[in-house]
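Trainee: I'd like to learn how to read one helix and what packs against it. Could you walk me through it?

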Amino acid sequence: MTTLVISSQKGGVGKTTVAVNLAYSLARRGWRVLLVDADPQGGVGFSLSEKARDAKGFFNLLNGTGTDDPNQLILSTRTEDFRLLMSGNADLFLGEEEPQDTPELRDRLRELFGSFSDNDVIVIDSEAGVHGLTRAIMAVSDYLLLPQQAEPLSARSMPRLLRHIATLRKELGDSTDTPRLAGILLTMVKDEDPISSEIEREIREILPTELILESEIPRDSAFLRASRAGVPVALLRPQPDNATKDFDQLAAEMEVRMNLADTTNQKESDEYTRLMD
Ligand SMILES: Nc1ncnc2c1ncn2[C@@H]1O[C@H](COP(=O)(O)OP(=O)(O)OP(=O)(O)O)[C@@H](O)[C@H]1O
Ligand SMILES: [Mg+2]
């Protein structure tokens with residue numbers, strides 16, 4: 001089981017859109033995927049299903065109002081390998097004060113994610129900001145994916161976010177080499193817009209090349225239509241070719257960055273995948 005957190009310092013950069021569509025593409029590529037909504041605002045529920053919005057979920061499991069077996073709260077979808085844990089009711093967990101990133105909370109999260117170990121990948125959508133609960137989730141996860149809007153002001157928060165991650169890694173010490181940075185993903189890229197291209201060039205200049213994913217997500221109204229319809233973009237009719245392909249490409253790149261093939265029982269063969277054993 002590999003855990004991947006989608007996080008960002010700034011809100012509205014496309015985290016939930018990336019989480020939903022990447023999780024769906026990974027499932028279509030044959031991985032057993034659980035998408036966990038760890039945003040108290042319940043972004044995945046808003047994006048995918050009104051009915052599921054009222055379901056118990058992640059926060060109920062954290063505050064003890066869930067069930068003994070966390071797997072009972074997992075919702076199936078029509079795609080067999082794509083399953084969801086909604087955010088549920090966060091009020092009790094959040095209480096009066098913002099929850100702190102404590103060793104107890106990290107232990108609780110480790111235990112919770114551990115109970116979902118029959119999945120290949122757990123994709124976790126988080127709230128904007130990298131403190132409190134989100135920081136604790138990052139601390140116990142294997143990989144981080146950071147969506148970055150290709151717009152002037154949002155690019156400036158990236159060095160600070162990277163410093164936060166470096167501090168977290170330092171605090172975790174030598175005992176672990178996680179969380180690893182799977183990469184920075186440029187989102188809402190406007191291909192024909194010279195300013196967007198300029199910013200993209202700037203970001204690629206400022207940051208080490210290997211940190212930035214080759215895949216990028218263009219600005220496309222299909223994402224708005226998809227979240228209004230409550231589906232991953234690949235299920236829209238007629239299917240928006242580019243948006244679907246972009247996420248399939250991202251899923252393929254993330255498989256490599258997260259060493260997914262190495263964590264399964266795949267037979268050793270470096271150059272190709274067997275069609276049959
Ligand atoms: N590539 C895109 N092209 C066009 N619209 C997009 C794209 N990605 C996201 N959006 C839209 O932008 C808005 C914000 O996206 P999203 O909810 O995914 O961001 P977020 O980072 O999860 O926000 P928050 O920090 O509030 O959780 C949504 O209305 C979404 O449909
Ligand atoms: Mg969101």
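Mentor: Gladly! What covers the buried residues of α10 includes α8 (152-155) and β7 (180-189). Contact here is a pair of C-beta atoms, placed from the backbone, within 7 Å. Helices (H or I, at least four residues) and strands (E, at least two) are DSSP runs, numbered from the N terminus. This is a predicted model: local features need pLDDT of at least 70, side-chain atom pairs count only at pLDDT 80 or more, and totals for chains, interfaces and linings use all residues. Residues are numbered from 1 along each chain as its sequence is written, while chains are lettered from A and ligands numbered from 1 in the order in which they are written.

Trainee: Which residues of α10 are buried?

Mentor: A residue is buried if 20 or more other C-beta atoms, placed from the backbone, lie within 10 Å of its own, exposed if 12 or fewer, and partly exposed in between. In α10, Ser-196, Ile-199 and Glu-200 are buried.

Trainee: Why do they lie on the same side of α10?

Mentor: An α-helix has 3.6 residues a turn, so residues three or four places apart point the same way. Here the three cover an arc of only 100° around the axis, counted from the directions from the helix axis to the C-beta atoms.

Trainee: And what does the face turned away from the buried side carry?

Mentor: That face of α10 has the exposed residues Pro-194, Ile-195, Glu-198, Arg-201 and Glu-205.

Trainee: How many helices and strands does the protein chain have?

Mentor: There are 12 helices and 8 strands, and buried residues make up 41% of its 277 residues.

Note on methods
Contact = placed C-beta atoms within 7 Å.
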